[in-house]
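Visitor: I should like to learn how to read the features of a structural model. May we begin with a single residue and its surroundings?

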Amino acid sequence: EVRLEDSGGDSVQAGGSLRLSCRLTGFTYQYYCLTWFRQAPGKSREGIAALSSESTTMYADSVKGRFTISKDNAKNTLNLQMDNLQPEDTATYYCAARPFPQLTLDRDRYNYWGQGTQVTVSS
């Protein structure tokens, strides 16, 4: 059984940093794409950062230069380092996985999802 467990969400001041983690269990595909999504109240879920098994990455323009996606292979954990957080980054953040290496931020292409972790940024 594949399970994704998000953690690391918190409340921070604008300009601060947070590191989100997503523990993957049962996800043993050789080729894959792992992605962070977020959903703010009243808005649709958007993909913001993706990482493939070929070590390529993709970022949404809204987070480029501030967020960094990475994977700890020893712990089988996907991470998202978020720096210079702004109030517009407030959302529930979800990790997602698909067993194909092509990078995509399209939520409809993902098979597995974490439960979400809340990030709140105050001004």
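Visitor: Which residues does A49 touch, not counting those up to four places away in sequence?

Guide: This is a predicted model. In it, A49 touches L34, T35, W36, M58, Y59, I69, L80 and L105, once residues up to four places away in sequence are set aside. One of these, L80, is 31 residues from A49 along the chain, and the two C-alpha atoms are separated by 8.2 Å.

Visitor: Where is A49 found, and is it buried or exposed?

Guide: A49 belongs to strand β5, residues 46-52. Buried means a relative accessible area under 20%; A49 has 0%, so it counts as buried.

Visitor: What share of the residues of the protein count as buried?

Guide: Of the 123 residues, 41% count as buried. The exposed area of the protein is about 6400 Å², with 42% of it supplied by carbon and sulfur atoms.

Visitor: How many helices and strands does the secondary structure contain?

Guide: There are zero helices and 11 strands. The pattern along the sequence is accordingly β-β-β-β-β-β-β-β-β-β-β. The radius of gyration is 13 Å, close to the 14 Å given by the globule rule for 123 residues, so the protein is as compact as a globular protein of that length. The C-alpha trace spans about 40 × 25 × 25 Å along its principal axes.

Visitor: What share of the contacts joins residues 24 or more positions apart?

Guide: Among contacts with a separation of 6 or more, residues 24 or more positions apart account for 62%.

Visitor: Let us turn to the cysteines. Which of them does a disulfide join?

Guide: A disulfide is recognised when two cysteine sulfur atoms lie within 2.5 Å. By this rule there is one disulfide. This disulfide joins C22 to C95, with an S to S distance of 2.0 Å. C22 lies in strand β3 (residues 18-25) and C95 in strand β9 (residues 91-98), so the pair ties together parts that are 73 residues apart in sequence.

Visitor: What is the handedness of the disulfide, and why?

Guide: The torsion about the S-S bond of C22 and C95 is about 55 degrees, so the disulfide is right-handed. As to accessibility, C22 counts as buried at 1%, and C95 counts as buried at 0%.

Visitor: Why is the sulfur of C33 without a bond to the closest cysteine sulfur?

Guide: The closest cysteine sulfur is in C95, and the sulfur of C33 is 12 Å from it, which is too far for a bond. C33 is likewise buried, with a relative accessible area of 0%.

Visitor: How should backbone torsions be read?

Guide: Most residues other than glycine have a negative phi. In this structure, S55 has a positive phi, near 65 degrees, and N76 also has a positive value, near 50 degrees.

Visitor: Where are S55 and N76 placed?

Guide: S55 is in the loop between β5 and β6 (57-59). N76 is in the loop between β7 (67-72) and β8 (77-82). S55 is exposed, with a relative accessible area of 61%, whereas N76 counts as partly exposed at 24%.

Visitor: Finally, how far apart are the mean positions of the positive and negative charges?

Guide: The protein has 13 positive and 13 negative charges, and their mean positions are 2 Å apart.

Terms used. Residues numbered from 1 in each chain as written. Predicted model: local features only at pLDDT ≥ 70, side-chain atom pairs only at ≥ 80, totals over all residues. Heavy atoms only, no water. Helix = DSSP H or I, 4+ residues; strand = E, 2+ residues; numbered from the N terminus. Buried < 20%, exposed > 50% of the residue type's maximum accessible area, 1.4 Å probe, protein only. Rg over C-alpha atoms; globule rule 2.2 N^0.38 Å. Contact = heavy atoms within 4.5 Å. Areas by Shrake-Rupley, 256 points an atom, 1.4 Å probe, with all protein chains shown as cover. Lys, Arg positive; Asp, Glu negative; His and termini not counted. Charge placed at Lys NZ, Arg CZ, Asp CG, Glu CD.
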